[in-house]
Amino acid sequence: AFLAMLDLDNFKPANDVYGHSYGDEVLKQISEIFKKESNENIKIYRVGGDEFAILASDITQNDFLALLRKLKNKVVNFKYEKEVNISFSAGVIEININDKKRRLSDYYEKADALMYEAKEQGKSKIVIK
């Protein structure tokens, strides 16, 4: 299984320039993009603000990375009502299902740290370890 933490890049202008109601609308549109890719093995959650988590099982690393690239491409190319340039940065960690000493929060913290590493690399990046 894999856990990815996503943070939207360049989301702040949607709120600051066009107002929080428009920012909320952008979040709804992105959520709909994500929802279309969800299934019994791929669960996507809004964690808070402009952060999302994706938990995927029964998927290879290559397929999971392809899914993230597909989602990022859809977010980048979506025709928003106003001029915004949204993408996302992601941190990805593989979850060892058989590791009985680990908690999901341990994986969450690692994926979150990798997400911030991706942002530091220039945004719109995916970092996996």
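Tutor: Accessible areas here are obtained with the Shrake-Rupley method, using a 1.4 Å probe. The model is a predicted one. In it, the protein exposes about 7400 Å², and carbon and sulfur atoms supply 47% of that area.

Student: How many helices and strands does the protein have?

Tutor: The protein has 4 helices and 5 strands. Along the sequence they follow the pattern β-α-α-β-β-α-β-α-β. The radius of gyration is 15 Å and the globule rule gives 14 Å for 129 residues, so the protein is as compact as a globular protein of that length.

Student: What does the C-alpha trace span along its principal axes?

Tutor: The spans are about 45 × 30 × 20 Å.

Student: What share of the residues counts as buried?

Tutor: A residue is buried if its relative accessible area is under 20%. By that cut-off, 43% of the 129 residues count as buried.

Student: Which contacts join residues at least 24 apart, and what share are they?

Tutor: Start from contacts between residues at least 6 apart in sequence. Of these, 69% join residues at least 24 apart.

Student: How many positive and negative side chains are there, and how far apart are the centres of the two sets?

Tutor: There are 21 positive and 21 negative side chains. The centres of the two sets lie 2 Å apart.

Student: Now a pair of strands. In which sense do β2 and β3 pair, parallel or antiparallel?

Tutor: Strand β2, residues 42–48, and strand β3, residues 51–56, pair in the antiparallel sense. The pairing runs over 6 bridges. To see one bridge, take R46, whose partner in β3 is F52.

Student: What lies between the strands of that hairpin?

Tutor: The hairpin of β2 and β3 has 2 residues between the strands. G49 takes a positive phi there, near 55°.

Student: Which phi does N10 have, positive or negative?

Tutor: N10 has a positive phi of about 65°, although N10 is not a glycine. To place N10, look at the loop between β1 (2–9) and α1 (12–18). Partly exposed covers relative accessible areas between the 20% and 50% cut-offs. N10 has 35% relative accessibility, so N10 counts as partly exposed.

Student: Where is S124, and what is its phi?

Tutor: S124 sits in the loop between α4 (104–120) and β5 (126–128). Its phi is positive, about 55°, and S124 is not a glycine either. With a relative accessible area of 30%, S124 is partly exposed.

Student: Where is P13, and how far is P13 from G48?

Tutor: P13 is in helix α1. Sequence separation and spatial separation are read as two numbers: P13 and G48 are 35 residues apart in sequence, and their C-alpha atoms are 17 Å apart in space. P13 has a relative accessible area of 38%, which means that P13 is partly exposed.

Student: Which residues is V76 in contact with, beyond its neighbours within four places in sequence?

Tutor: Contact means that heavy atoms come within 4.5 Å. Leaving those neighbours aside, V76 is in contact with I86 and S87. V76 itself belongs to helix α3, residues 61–77.

Student: Is V76 buried, exposed or partly exposed, and how far is V76 from V17?

Tutor: The relative accessible area of V76 is 42%, so V76 is partly exposed. V76 and V17 are 59 residues apart in sequence, and from C-alpha to C-alpha they are 19 Å apart in space.

How values were computed: Residues numbered from 1 in each chain as written. Predicted model: local features only at pLDDT ≥ 70, side-chain atom pairs only at ≥ 80, totals over all residues. Heavy atoms only, no water. Rg over C-alpha atoms; globule rule 2.2 N^0.38 Å. Buried < 20%, exposed > 50% of the residue type's maximum accessible area, 1.4 Å probe, protein only. Lys, Arg positive; Asp, Glu negative; His and termini not counted. Charge placed at Lys NZ, Arg CZ, Asp CG, Glu CD. Pairing = 2+ DSSP bridges.
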